[in-house]
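The following note sets out points for a colleague who has the sequence and the coordinates at hand. The points go from the overall layout to individual residues.

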Amino acid sequence: MAKKTSDPKAGANPAGAKAKPLPKVSADGKTIRAPLTQNPHAIRDTREKVLEVAIGREVRAFRKKLGITVADLAVATDISLGMLSKIENGITSPSLTTLQALSRALGVPVTAFFRRFEEERSAVFVKAGEGLDVERRGTRAGHQYNLLGHIGSNTSGVVVEPYLITLTEDSDVFPTFQHEGMEFLYMLEGEVVYRHGSNLYPMKPGDSLFFDADAPHGPEQLTRLPMRYLSIICYPQNSAG
């Protein structure tokens, strides 16, 4: 039996989300969508696996981090502009003497130039039913959290935590989660009225919700149990999460 709440803010309309502006429509009646800046099907330059290209990318990255031009670096290292351009573009293999000059000018160890070439990319595979049960703030409300994978330090600068969350007859509402980062929910089973800030969203299997997790959020009404949904939380790597 689903649990009910007497929160007056919920009102008679559980779908009391504020109205959002309608999407722009072109003359032919089609919705105009803002273009995405990232191509999910793009393939990185396979030459990145080549040592020269890996070194060149690091030299350019360290130079830009210092906010200096190629000309500035040429003066500091006594290396010609043409040679520096070839190094940064992975066209030539710099000598150890050249790498030493670059490391001194950029203030990094010589080994830093090989980081991208040697760095491994992590992946976590979790078979069905083998996620890790973890304790989170909502656990005391009877919410079961199953962590589906975790990669700590990585090249993206972002930590992502994917959870499978299960609520049953023993669970309670808990609409006051609040933490840093962004969160994405995808309903798999059951029904819930989910609160984000002052808005309420009735969610059924197949529905999703993406939001700024710094606003109070959580299940406001457990409409149909048992209930399962994916929760994917992401936040900066240098934050406590």
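1. Overall layout. The protein chain has five helices and seven strands. Counted from the N terminus, the elements run α-α-α-α-α-β-β-β-β-β-β-β. The model is a predicted one, and the points below should be read with that in mind. Of the 241 residues in the protein chain, 32% count as buried.

2. Strand β3 and its partners. Strand β3 covers residues 158-167. Seven of its 10 residues are buried, so β3 is largely enclosed by the rest of the structure. Strand β3 pairs with β2 in the antiparallel sense, over four bridges, and with β7, also in the antiparallel sense, over 10 bridges. Two positions help in finding these pairings on the display: Leu147 has Tyr163 of β3 as its bridge partner, and Pro162 stands opposite Ile232 in β7. In a regular strand, side chains alternate between the two faces of the sheet.

3. The pair Tyr145 and Tyr163. How many aromatic pairs does the model contain? The count comes to six. One of them is formed by Tyr145 and Tyr163, whose rings are edge-to-face, at 5.8 Å centre to centre and with 90° between the planes. This pair links distant parts of the chain: Tyr145 belongs to strand β2 (residues 144-147) and Tyr163 to strand β3, 18 residues apart. Tyr145 has a relative accessible area of 5%, under the 20% limit, and therefore counts as buried. Tyr163 is buried as well, with a relative accessible area of 5%.

4. The pair Tyr194 and Phe211. Here the ring centres lie 6.0 Å apart and the planes meet at 35°, so the pair is tilted. This pair also links distant parts of the chain, with Tyr194 in strand β4 (residues 182-196) and Phe211 in strand β6 (residues 208-212), 17 residues apart. Both Tyr194 and Phe211 are buried. Together with Tyr229, these two residues form one aromatic cluster.

5. The cavity. Rolling a probe the size of a water molecule over the atoms shows where empty space is left. The structure holds one cavity of 30 Å³ or more, and the volume of the largest cavity is about 90 Å³. Which residues line the largest cavity? The lining consists of Arg136, Tyr145, Ile165, Phe177, His179, Glu183, Leu185, Tyr194, His217, Tyr229, Ser231 and Ile233. Several names recur from the points above: Tyr145 is a member of the edge-to-face pair, while Tyr194 and Tyr229 belong to the aromatic cluster.

6. Make-up of the lining. By residue class, the lining of the largest cavity divides into seven nonpolar, three polar and two charged residues. Strands β4 and β7 (217-236) each supply at least two residues of this lining. The most is given by β7, with four residues.

7. Ser171 in its loop. Ser171 lies in the loop between β3 and β4. Is this serine buried or exposed? Ser171 is buried, with a relative accessible area of 0%. Its side chain has a polar atom 2.7 Å from the backbone oxygen of Gly142. The side chain of Ser171 also reaches the backbone nitrogen of Thr168, at 2.8 Å. Both backbone atoms are worth displaying when this loop is inspected.

8. Backbone geometry. Most residues other than glycine have a negative phi, and most peptide bonds are trans. Two places in the model merit a check against that background. A cis peptide bond joins Leu225 and Pro226, with omega at about 0°. Pro226 is found in strand β7, the strand that gives four residues to the lining of the largest cavity. The second place is Asp78, a residue other than glycine whose phi is positive, near 60°. Asp78 is found in the loop between α2 (70-77) and α3 (81-88). With a relative accessibility of 72%, over the 50% limit, Asp78 therefore counts as exposed.

How values were computed
Residues are numbered from 1 along each chain as its sequence is written. This is a predicted model: local features need pLDDT of at least 70, side-chain atom pairs count only at pLDDT 80 or more; totals for chains, interfaces and linings use all residues. Side-chain values use heavy atoms; hydrogens and water are left out. Rings of Phe, Tyr and Trp (its six-membered ring) pair if their centres lie within 6.5 Å; planes under 30 degrees apart count as stacked, over 60 as edge-to-face and the rest as tilted. Buried means under 20% relative accessible area, exposed over 50%, partly exposed in between (1.4 Å probe, protein chains only). On a 1 Å grid over the protein atoms alone, a cavity is a set of points where a 1.4 Å probe fits but cannot get out, and a pocket is an open set with protein on both sides within 12 Å along at least five of seven lines; lining residues have an atom within 4 Å of a point. Grid points are joined across faces, edges and corners, and a volume is the space filled by probe spheres set on the points. Ala, Val, Leu, Ile, Met, Phe, Trp, Tyr, Cys and Pro count as nonpolar, Asp, Glu, Lys and Arg as charged, and the others, Gly among them, as polar. Two strands pair if DSSP finds at least two bridges between them. A polar contact is a pair of N or O atoms within 3.5 Å; within protein, one must be able to donate a hydrogen and the other to accept it, and residues adjacent in sequence count only if both atoms are side-chain atoms.
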